[in-house]
Each structure stands twice: as C-alpha cells, then as structure tokens.
Amino acid sequence: MRTGLEGKTALITGASRGIGKAIATALAAEGANVVLSSRKQEALDEVAKEIAAAHPGAGVLAKAAHVGDAEQAAACVDAAVAEFGGLDVLVNNAGTNPYFGPMADIEPAAAAKTVQVNQFAIVQWTQLALRASLAERGGAIINIASVGGMMTEHGIGYYNATKAAVIHLSRQFAMELAPKVRVNCIAPGLVKTHLARALWEDNEAEISRHMPLGRLGEPEDIADAAVFLAGDASSWMTGQTLVVDGGATIRASIA
C-alpha cells in the first residue's frame with residue numbers, strides 16, 4: 001500500500017497506550033515523525049523510547065497535555081511545529097468514559113467531562129492544528145469514534161452519544177476543510193484496551209464466540225486503518241467513517 005508518509009509529521013492524542021500507541025507506532029513504521037500526547041509525561045517517554053528503538057528513521061517527540069486543556073493543547077501543537085516544522089496528520093484519539101449506567105442517572109460533572117474529552121477536544125485540537133500548519137500545507141485528520149455511536153447499548157449510552165457526535169463532527173469538518181484537508185473517522189468495535197477493559201476482561205471467550213470473525217479487536221487492527229486514512233492510498237476519501245469491528249455490526253439479531 002502506498003502511504004507517502006515518510007518524512008511527514010503526525011500528532012496523536014491519547015498516545016501512551018492502546019489504540020493511540022499502536023497508531024503512533026504504525027505511522028513511525030511508515031517513516032513518519034510522530035508527536036505523542038497524553039496526560040502523563042513519564043508514560044509517553046517510555047513509548048517514545050520504544051518507537052525510537054524500533055524505528056530509528058522516524059523522529060519522535062513526547063509532549064504531555066491534557067486533551068481537554070486549551071493551553072496544554074496549544075503548547076503541544078507549538079512544540080510539534082517547533083520540532084518538525086509543521087503538521088501533516090492529526091489523530092484525535094484520546095477518550096474517556098467516567099460513567100457506566102443509565103443516561104437518566106448521569107451526573108452533570110460526568111457528562112461534562114465526557115463531552116469535553118470525547119467531543120469538544122476534537123474541535124479544539126483541529127482548530128489548533130489548522131492555525132499552526134494544516135490550513136496552509138494541507139493534510140489529513142483522523143478522528144476515533146466507536147461503533148457505539150451507531151447503536152444503542154446498556155451502560156455506555158452517554159459515551160456513545162459523544163461518539164455519534166464525533167462521526168458528525170468529522171463529516172462537518174470534511175465539508176468545511178475540503179479540498180486542502182481530508183477528515184475521516186474510524187469507528188472501532190470492541191478492542192482490547194484499558195479503557196474498554198470492563199467490557200471484555202471477564203468474558204472475552206464468550207464475546208469472541210459471537211463475533212463473525214471470532215475474536216476481539218487488537219489496537220493494531222485500528223492502527224492499520226489509520227495508516228490507510230493518513231496516507232496517499234485514501235487520497236480520494238473524506239467525510240467517511242471506516243468501521244473496524246470484526247463484523248460485530250452485521251451479526252444476525254437471532255442466532
């Protein structure tokens with residue numbers, strides 16, 4: 001697959017573990033410089049060491065920033081531009097889910113945090129990346145949503161509502177920013193990450209048995225899709241949501 005990512009610079013939020021780490025590693029493997037962001041500098045430094053050792057041709061910068069803090073986000077984008085001269089790819093991956101239960105019982109603080117991190121942060125980081133570099137030089141933005149944004153589920157309804165918003169935000173930004181910047185979205189199914197651990201850890205075998213492809217997702221499954229959307233092979237795609245879910249959304253309603 002032609003990616004054309006060698007020498008390009010990608011900033012990935014939520015990059016200290018799980019899907020974000022896998023995406024950063026996969027982009028570095030294609031020769032891209034990667035800027036890693038999450039809340040904890042120590043965790044980022046460890047990931048940066050791993051990537052630099054595995055892919056010495058790629059530049060790596062670790063810069064801690066709370067995804068919902070405007071000043072920290074701006075500092076991270078500024079550091080990326082100072083280090084590598086600009087940005088070509090933004091991956092809005094960071095997410096949170098502080099509440100599990102009926103939407104009728106969610107507290108305002110939990111709802112506000114979910115919106116801030118999962119939804120408005122995408123607007124905020126996109127604005128910063130555009131002003132710093134993307135509006136001038138063009139590039140690609142990839143937003144990580146969820147198949148939950150396309151369906152109803154017990155317990156994580158409000159989280160899923162924010163992911164539905166991510167899908168629409170991606171379409172809206174794609175319309176507004178074309179043709180200079182392409183904006184696409186990935187909707188993962190159930191992936192074995194720390195954030196989703198409560199959903200799969202105790203019954204992985206049973207869930208996998210009902211999956212058309214017979215297993216849960218790995219972060220690398222989503223990373224492969226991100227490489228495609230970041231690179232030249234998807235140059236005629238924008239405003240789309242790529243579902244990567246092991247077939248979960250095509251399961252028959254009656255076994």
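Here are some notes on this predicted model, point by point.

1. Overall build. The chain carries 8 helices and 7 strands. Its radius of gyration comes out at 17 Å, close to the 18 Å that the globule rule gives for 255 residues, so the chain is as compact as a globular protein of that length. If you want box dimensions, the C-alpha trace spans about 50 × 40 × 40 Å along its principal axes. Of the 255 residues, 50% are buried.

2. Salt bridges, the tally. How many salt bridges does a search of the whole structure find? The count is 5. As a reminder, side chains of opposite charge can pair when their charged atoms come close. Three of these pairs get a point of their own below.

3. Lys49 and Glu46. This pair stays inside one element: both residues sit in helix α2 (residues 41-54), 3 residues apart, or about one turn of the helix. The closest N and O atoms of the bridge are 3.9 Å apart, and the cut-off is 4 Å, so the pair counts because that distance is within the limit. Lys49 counts as exposed, because its relative accessibility is 55% and the threshold is over 50%. Glu46, with a relative accessible area of 43%, is partly exposed.

4. Lys192 and Glu218. What do these two side chains form, and at what N to O distance? They meet in a salt bridge at 3.7 Å. Lys192 belongs to the loop between β6 (181-188) and α6 (197-200), while Glu218 belongs to the loop between α7 (204-209) and α8, so the pair ties together parts that are 26 residues apart in sequence. Both ends are partly exposed: Lys192 has a relative accessible area of 25%, and Glu218 has 32%.

5. Arg215 and Asp221. Here the side chains meet in a salt bridge with an N to O distance of 2.9 Å. Arg215 counts as partly exposed at 41% relative accessibility. Asp221 is also partly exposed, with a relative accessible area of 23%.

6. A positive patch. Which residues gather in a patch of positive charge on the surface? They are Arg17, Arg39, Lys40 and Lys113. To place one of them, Arg17 is found in the loop between β1 (9-13) and α1 (18-29). Arg17 is partly exposed, its relative accessible area being 49%. That value clears the patch cut-off of over 30%, so Arg17 can be a patch member while still falling short of the exposed class, which needs over 50%.

7. A nonpolar patch. Met150, Met151 and Val243 make a nonpolar surface patch of about 240 Å². Met151 lies in the loop between β5 (139-144) and α5 (157-177). With a relative accessible area of 36%, Met151 is partly exposed. The patch cut-off is over 30%, so Met151 qualifies on accessibility.

8. Ser235, for reference. Where is Ser235 along the chain? Look in the loop between α8 (219-230) and β7 (241-244). Is Ser235 buried or partly exposed? Partly exposed, with a relative accessible area of 45%. If you want a long-range distance to check in your viewer, take Ser235 and Pro56: they are 179 residues apart along the chain, and their C-alpha atoms are separated by 27 Å.

Key: Residues are numbered from 1 along each chain as its sequence is written. This is a predicted model: local features need pLDDT of at least 70, side-chain atom pairs count only at pLDDT 80 or more; totals for chains, interfaces and linings use all residues. Side-chain values use heavy atoms; hydrogens and water are left out. Patches are made of residues with over 30% relative accessible area and no salt bridge: like charges are joined within 9 Å, nonpolar side chains (Val, Leu, Ile, Met, Phe, Trp, Tyr) within 5 Å. Accessible areas come from the Shrake-Rupley method with a 1.4 Å probe; for residues, only the protein chains shown count as cover. Lys and Arg count as positive and Asp and Glu as negative; His and the chain ends are not counted. The place of a charge is taken as NZ of Lys, CZ of Arg, CG of Asp or CD of Glu. Helices (H or I, at least four residues) and strands (E, at least two) are DSSP runs, numbered from the N terminus. Buried means under 20% relative accessible area, exposed over 50%, partly exposed in between (1.4 Å probe, protein chains only). The radius of gyration is taken over C-alpha atoms; the globule rule is 2.2 Å times the number of residues to the power 0.38.
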